[in-house]
Amino acid sequence: MLSKSFVPFNQFHTMTSASIYIRKYFGLVCRNWPIIIICIFGLVPFLWFRPDYLINGTDIDFALFPSERFMHRLQTWDIHFLGGTDRSNNVASLPFVAISVMFEWLGFDIITVQKLSFTLWLTLIGLSMYFLMVQIIARKDGFGAALSKMSASLLYMLGFYNVFL
């Protein structure tokens with residue numbers, strides 16, 4: 001009787017470490033293809049920019065000096081307006097400003113900071129919708145369920161309201 005570790009010679013070539021890694025990563029891509037497509041569509045903000053231009057938003061303007069805006073948002077009292085006003089709502093915008101500050105601290109110029117910020121936020125919008133759909137359609141597997149989760153995420157990502165902001 002042969003031991004369990006015996007592999008016939010004609011099957012030895014399928015057991016190489018390279019084929020194990022290829023099979024492992026191919027399986028990872030096959031299981032997560034909706035997330036990969038959502039991340040690719042998250043790169044759409046790079047198509048919005050002309051060379052050396054910034055985009056001014058309609059709801060929240062983009063800070064030309066993110067570090068300065070971040071420091072102002074840390075304060076809950078503004079002495080520069082009407083002798084002093086309550087600005088406690090500034091605290092809620094800290095995560096949005098912090099992303100720009102992080103990219104600025106990494107040494108990127110302001111145009112690249114805006115591109116990376118928009119790309120990160122759009123990708124996070126799509127991934128959050130995808131994970132919501134995973135919770136809603138938790139017991140469904142297969143191509144149709146994955147396609148519906150991805151479609152809902154892309155519709156939410158690329159809807160007019162999000163792009164308008």
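1. At roughly what angle do the axes of α4 and α5 cross, and within what distance do they come? The crossing is at roughly 145 degrees, and the axes come within 8 Å. The crossing of these two helices is left-handed. Note at the outset that this is a predicted model.

2. The α4 and α5 contact can be listed residue by residue. From α4 come Pro 66, Ser 67, Arg 69, Phe 70 and Arg 73. They meet Leu 94, Val 97, Ala 98, Ser 100, Val 101, Glu 104 and Trp 105 of α5. Sorted by class, the contact of α4 with α5 has 7 nonpolar, 2 polar and 3 charged residues.

3. Now the overall layout. The chain holds 8 helices and 2 strands. Read from the N terminus, the order is α-α-α-α-β-β-α-α-α-α. Of the 165 residues in the chain, 27% are buried. Take the contacts with a separation of 6 or more: 61% of them join residues 24 or more positions apart.

4. Helix α5 covers residues 94-105. Does its length fit a helix, and what span should be expected of its 12 residues? At 1.5 Å a residue, α5 should span 16 Å. Its end C-alpha atoms are 16 Å apart, so the two values agree. After α5 comes Gly 107, which has a positive phi, near 100 degrees.

5. Which residues of α5 are buried? They are Leu 94, Val 97, Ile 99, Ser 100, Val 101 and Phe 103. The cover over these buried residues includes α4 (66-73) and α6 (110-136). Leu 94, Val 97, Ser 100 and Val 101 also appear in the contact with α4. Ile 99, Ser 100 and Phe 103 appear in the contact with α6. Ser 100 is thus listed on the α4 side and on the α6 side.

6. Next, the packing of α5 on α6. Their axes come within 9 Å and cross at roughly 135 degrees. That angle makes α5 oblique to α6. The crossing is right-handed. In α5, the residues involved are Pro 95, Phe 96, Ile 99, Ser 100, Phe 103 and Glu 104. In α6, they are Val 113, Leu 116, Ser 117, Leu 120 and Trp 121. The contact of α5 with α6 divides into 8 nonpolar, 2 polar and 1 charged residues.

7. Helix α6 also packs against α2, which is residues 33-41. The angle is about 155 degrees, and the axes are 8 Å apart. The two helices are therefore roughly antiparallel. Their crossing is right-handed. On the α2 side, the contact uses Pro 34, Ile 35, Ile 38, Cys 39 and Phe 41. On the α6 side, it uses Leu 122, Thr 123, Gly 126, Leu 127, Tyr 130 and Phe 131. There are 9 nonpolar and 2 polar residues in this contact, and no charged ones.

8. Met 133 is another α6 residue to check. Is Met 133 buried or exposed? Its relative accessibility is 13%, so Met 133 counts as buried. Setting aside residues up to four places away in sequence, Met 133 touches Ser 148, Lys 149 and Ala 152. The C-alpha atoms of Met 133 and Ser 153 are 8.0 Å apart, with the two positions 20 residues apart along the chain.

9. Helix α7 runs over residues 143-157. Its 15 residues should span 21 Å at 1.5 Å a residue, and the end C-alpha atoms are 21 Å apart, which agrees. Its buried residues are Ala 145, Ala 146, Lys 149, Met 150, Ala 152, Ser 153, Leu 154 and Met 157. Lys 149 and Ala 152 are among the residues that Met 133 touches.

10. Two further residues deserve a look. Asp 86 sits in strand β2, residues 85-86. Asp 86 has a relative accessible area of 51%, so it is exposed. Beyond its neighbours within four places in sequence, Asp 86 contacts Thr 76 and Trp 77. Its C-alpha atom is 9.4 Å from that of Gln 75, 11 residues away along the chain.

11. Asn 90 lies in the loop between β2 and α5. Is Asn 90 buried or exposed? With a relative accessible area of 6%, Asn 90 is buried. Not counting residues up to four places away in sequence, Asn 90 touches His 72, Arg 73 and Gln 75. Arg 73 is also one of the α4 residues that meet α5.

How values were computed: Residues numbered from 1 in each chain as written. Predicted model: local features only at pLDDT ≥ 70, side-chain atom pairs only at ≥ 80, totals over all residues. Heavy atoms only, no water. Helix = DSSP H or I, 4+ residues; strand = E, 2+ residues; numbered from the N terminus. Expected span 1.5 Å × (residues − 1). Buried < 20%, exposed > 50% of the residue type's maximum accessible area, 1.4 Å probe, protein only. Contact = heavy atoms within 4.5 Å. Axes fitted to C-alpha atoms, helices over the stretch in contact; angles between N-to-C directions. Parallel < 35°, antiparallel > 145°, perpendicular 65-115°, else oblique. Left-handed = near helix turned anticlockwise from the far one by under 90°. Nonpolar A, V, L, I, M, F, W, Y, C, P; charged D, E, K, R; others polar.
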